[in-house]
Amino acid sequence: MRLLNASGCLDALTAPDVARSLDAFVTKTVTPLPREGNAPVRIAETDVGMLNSIGLANPGRDAFVAETLPQLRELGVPLWVSVGGFSAHEYAETCAQLDDVTIELNLSCPNVEEAADTAAAIVAACRAATTLPLYAKLSPANWNISDVARAVQGAGADGLSLVNTIRGTALDERTLAPRLGTVAGGLSGPALKPIALAAVFACWRATRPPIVGMGGVMTGRDALELVAAGAEDVALGTVLFRDPDAPARVRAELAAELSALGVADVDTLRGVAHEGGVEALISAAH
Ligand SMILES: Cc1cc2nc3c(=O)[nH]c(=O)nc-3n(C[C@H](O)[C@H](O)[C@H](O)COP(=O)(O)O)c2cc1C
C-alpha cells in the first residue's frame, strides 16, 4: 500500500517535507488554460467535514509544465499529475505533454459547471495520447459507479481513484444564507468515508482494478478499511489541512492495527471485506 495525498489537498512547494513523507505526490488538477477558480467564500467547515468550491484554480498547462513541474521533480518523490479539461481533446492534449509521471484524470469535479464528454470517451482519447499509467478519478455521485469503472477500464484506464467529493451546501447559522459563494461545493472529510467504502467495494467486486482509495481518511484504521474494501493505495485529503504530520501518524496507526490483528503486511488484507472479513482469513490460515 502506498500513501499519497489527495489532489488539491497539499501544496508540495510550500510544504516539501510533507510531500516527501508520502510515497507519491499528486498535483492539484491542471487545466489547459489558467483558472482563477470560483468567487469567495470557497471553504466552509461543517460538523461532518469540509465544503469547498475552489473550482479548479490553477496556473494552466503551459505554466505548469514549464515552471511547476520542474520544481516538483526536485522533491525526489514520484509524481502524479491530475489532469482536467472540458472535452476529451483538452484532456488528451495535456496527457501528450507529460512524461515520467502517473496521470490521474479528474473526471469528477463537482465545482465546475461545464459539461464534459463521457468518462469513457475522455479515457480513450487520453489512452491514445500517452503510454503513461492512467488512473480515472470518479465521482461517488454516480449510483452505478461499477458501470463507470468497467467503461473507463475498457477504454484503457490502468486504475481508479475513488472518490472525489460529493455536492453539498451549508447555511449560515445566523442569516440562513448559503455560506459558499457558489451555494454548493464539494463535501470532503469524515462524512465521505462510508461513501468511499461503498464505491471501492463495488468497483473491486466488479473488476478488481488497482484502486487508490480516498474519502474521509483521518486515521490508520480508516486506511485499513479502504484496503479491506479493495484499495491498493490510499490517499489523504482533508486531514492534511488539519494535521500535516498525518502521513507518519496514519502509518504508525496502521502498523498498530496490523500488529493487533497479527498480520505482517497490509497488502494481504486487500479485499478481505469481500471474503467474510479478517476472521475468516485468519482461521483459514490455521
Ligand atoms: C480544498 C480541496 C481541493 C480539492 N481539489 C481537487 C482537485 O483539484 N482535483 C481533484 O481531483 N480533487 C480535488 N479535491 C478532492 C480530493 O482530492 C479528494 O478526492 C476528496 O477531498 C476526498 O478525500 P478527503 O475526504 O480525504 O478529503 C479537493 C478537495 C479539497 C478539500
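Of the 24 residues around the ligand in this predicted model, Ala 6, Gly 8, Ser 188, Gly 237 and Thr 238 come nearest. By class, the shell around the ligand comprises eight nonpolar, 14 polar and two charged residues.

Turning to the interior, the largest nonpolar core contains 84 residues, and Leu 105, Val 123, Ala 136 and Val 200 have the most contacts inside it. Helix H4 (residues 119–129) supplies the largest share of this core, eight residues. In soluble globular proteins, nonpolar side chains tend to be buried together. Val 200 is a handy place to pick up the thread: beyond its neighbours within four places in sequence, Val 200 is in contact with Leu 162, Ile 211, Gly 213, Leu 226, Ala 229, Gly 230 and Ala 231.

Val 200 also takes part in a helix pair, in which Lys 193, Ala 196, Leu 197, Val 200, Phe 201 and Trp 204 of H6 meet Asp 222, Glu 225, Leu 226 and Ala 229 of H7. This contact has seven nonpolar, no polar and three charged residues. The axes of H6 (residues 193–207) and H7 (residues 220–229) are 8 Å apart and form an angle of about 25 degrees; angles under 35 degrees count as roughly parallel, so H6 and H7 are roughly parallel to each other.

The backbone has some features worth a look as well. Cis peptide bonds join Pro 40 to Val 41, with omega about 0 degrees, and Leu 162 to Val 163, with omega near 15 degrees. Val 41 is in the loop between strands S2 (25–26) and S3 (43–46), while Val 163 is in the loop between strands S8 (159–162) and S9 (166–169). Phi is positive at Leu 56, near 60 degrees, and at Arg 208, near 50 degrees. Leu 56 counts as buried because it has 20 C-beta neighbours inside 10 Å, whereas Arg 208, with 13, counts as partly exposed.

Methods: Residues numbered from 1 in each chain as written. Predicted model: local features only at pLDDT ≥ 70, side-chain atom pairs only at ≥ 80, totals over all residues. Axes fitted to C-alpha atoms, helices over the stretch in contact; angles between N-to-C directions. Helix = DSSP H or I, 4+ residues; strand = E, 2+ residues; numbered from the N terminus. Parallel < 35°, antiparallel > 145°, perpendicular 65-115°, else oblique. Contact = placed C-beta atoms within 7 Å. Nonpolar A, V, L, I, M, F, W, Y, C, P; charged D, E, K, R; others polar. Near = placed C-beta within 6 Å. Core = buried A, V, L, I, M, F, W, Y, C linked by C-beta atoms within 7 Å. Buried ≥ 20, exposed ≤ 12 C-beta atoms within 10 Å, placed from the backbone.
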